Amino acid sequence: MKVAPRLAVLLAAVVVTACAPQTSDNSSSDKDDQAGTLRVWLFQEVGNKPKEKVVDSVVTAFEKAHSDTRVDVEYIPIDTRAQRVKAAFNDPKSAPDLMEYGNTDTAGYVKDGGLLDVTREFGAWSEAKGTDPTAKQSVTVDGKIYGAPFYVGVRALYYRTDVFEELGLEVPRTMAELASTARQIRTARPELYGLVVGGAYTYGAMPFVWANGGELATGKGGSYASAIDSAAAQKGIKEYTSLFGDDNCPAAKCASMGGNDTITAFAAGKAGMAIGGDFSHTAVEAGKAKGKYAVVPLPGVRSGSIAPAFAGGNNIGVLKSTSHRTLAVDLMEQLASKKTQASLFDAMGFLPTFADVRQQAAANEPYVKPFVQTLAAGTKFVPASPAWSQIDSSLVLPTMFQEVISGRKDVAAASKSAATKMDDAFGSAG
């Protein structure tokens, strides 16, 4: 992995022990032990050693500041996290004190009673005010905070500079130009996908819906209704699904593709353009496209506009069952601090959730700039409902896109069917 230059100014900060309040009524444990062992679960990444090194430095400083405390960090596989977390919620004795979790899991974990309400501590944390609004939204359920944002991920447009130069193409500035440019590439270079797209690539498709004024759902406070069948959303669905054809990305090959498949194709030199994340940079650098590509924000409907991107990423939360509330919250803040996020960008390429840290990262690494611009233009998030995990795992949106792509249903019928399934999930979630 390419290691970015050190973020010297931000990394010069010294870990400062925060003063969190004593145990409050929302903790299921009556204890707030000021010593002992803190158990931490973090996700096991591909090439995890750089992450471990950053975390070890935080743990060392924390243990030094709390001489009677030991921190035990375990890296758990992402693919089996659901089973581990469910077991932890059901058996507090086996649960960690704090854990890393996907930001779309927040509402479901809160409903399950697993995460601790840290609203007061987050509000008193001096660094909290610099948190990206969408990242903060990802730890918020019904106005309460259940963790701290750890890193954020967004997608932008990767394109082959050599192909564009060879064909005399301009970088597209609208979604209409994006589609026409993709078809020009496919016509001139039929061995390439113009813009490689995937029928199972939900978060590559959603910017088309959002850019056209559509939404996944409307509502708040746990009460949502699907909006995926609105006129605006249908316009975006039509715009995205029109890219599946022999003139760009043949449905027979592309309908089943997910996000990783599209980036793999681009990295292998099989596509003129792709929608990929900041987290896709390493894979592209390792492929045949290395040295022959650039990245710009995905264009919106209007010339010069940026399509809203999904704000993905992970959070750090304290479990409600902890018997070390004060210590656990303190460690959460250290793991999610500006210093640690800067180090994790340096080590792993994770985009920080703090605007000033991101700006420093972009100054040191030019490839970050289009992703920072995308974040600054405004991002979107999924409904803060425990129903989302059901909607996502049931492949409601990929099924909708694939029904349109295959011709089994038109846009109106497919989106109506998806909306019904989403509403059923929202209703069953309470």
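This report describes the nonpolar cores, one buried asparagine and one cavity of a predicted model.

## Basis

In this predicted model, local features need pLDDT of at least 70 and side-chain atom pairs count only at pLDDT 80 or more, while totals for chains, interfaces and linings use all residues. Residues are numbered from 1 along each chain as its sequence is written, and side-chain values use heavy atoms, with hydrogens and water left out.

## Nonpolar cores

The largest nonpolar core (buried Ala, Val, Leu, Ile, Met, Phe, Trp, Tyr and Cys residues joined through side-chain atoms within 4.5 Å) holds 84 residues, of which L195, I228, Y240, M273 and L397 touch the most other members. Helix α20 (residues 411-429) contributes the most to this core, with 8 residues; helices are DSSP runs of H or I with at least four residues, strands are E runs of at least two, and both are numbered from the N terminus. Another core, of 53 residues, lies apart from it and includes F62, F89, L98 and V357.

## Residue N212

N212 sits in the loop between α9 (202-211) and β9 (217-220). Its relative accessibility is 14%, so N212 counts as buried (under 20% relative accessible area, with exposed over 50% and partly exposed in between, for a 1.4 Å probe and protein chains only). Beyond residues up to four places away in sequence, N212 touches M175, A232, K235, G236, E239 and V301, where contact means heavy atoms within 4.5 Å.

## Second largest cavity

Among the residues lining the second largest cavity are N103, Q137, F381 and P383 (lining residues have an atom within 4 Å of a point on a 1 Å grid over the protein atoms alone, where a 1.4 Å probe fits but cannot get out).

Technical notes: On a 1 Å grid over the protein atoms alone, a cavity is a set of points where a 1.4 Å probe fits but cannot get out, and a pocket is an open set with protein on both sides within 12 Å along at least five of seven lines; lining residues have an atom within 4 Å of a point.
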